[in-house]
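Here are some questions a careful reader might ask, each answered by setting a value against its definition.

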Amino acid sequence: MPLDEDASNVQILCAWCQKVGVKRYSLSMGSELKSFCSEKCFAACRRAYFKRNKVQSLPCHQLDI
Ligand SMILES: [Zn+2]
């Protein structure tokens, strides 16, 4: 997984919890690069994405979890 190590103070809208926070993790999903505020969000979204991606491809914030 690509992790941005040079963006420690970048403010992002977390792709999982939809809150503004400091960018901690990022995950490439197809053509999109998702950013996350915490490892918890990153792990949860990654898990949901790959699980759901076997059936259909949706941005993780659209997944009904
Ligand atoms: Zn988050």
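Q: In the hairpin of β3 and β4, which residue takes a positive phi?
A: This is a predicted model, in which local features need pLDDT of at least 70, side-chain atom pairs count only at pLDDT 80 or more, and totals for chains, interfaces and linings use all residues. Residues are numbered from 1 along each chain as its sequence is written. In the hairpin, two residues lie between the strands, and Gly-30 takes a positive phi near 65°.

Q: What makes β3 and β4 a pair?
A: Two strands pair if DSSP finds at least two bridges between them; β3 and β4 (residues 32–36) have five bridges, in the antiparallel sense, so they count as paired. Ser-26 stands opposite Ser-35 in β4.

Q: How many helices and strands does the protein have?
A: Helices (H or I, at least four residues) and strands (E, at least two) are DSSP runs, numbered from the N terminus, and the protein comes to one helix and four strands, which run β-β-β-β-α from the N terminus on.

Q: Why is the set with Cys-14, Trp-16 and Phe-36 called a nonpolar core?
A: A nonpolar core is a set of buried Ala, Val, Leu, Ile, Met, Phe, Trp, Tyr and Cys residues joined through C-beta atoms within 7 Å, where buried means that 20 or more other C-beta atoms lie within 10 Å of a residue's own, with C-beta atoms placed from the backbone. The largest such core has eleven residues, including Cys-14, Trp-16 and Phe-36, and α1 (39–53) is one of the elements that give two or more residues to this core, its share of four residues being the largest.

Notes
A residue is buried if 20 or more other C-beta atoms lie within 10 Å of its own, exposed if 12 or fewer, and partly exposed in between; C-beta atoms are placed from the backbone.
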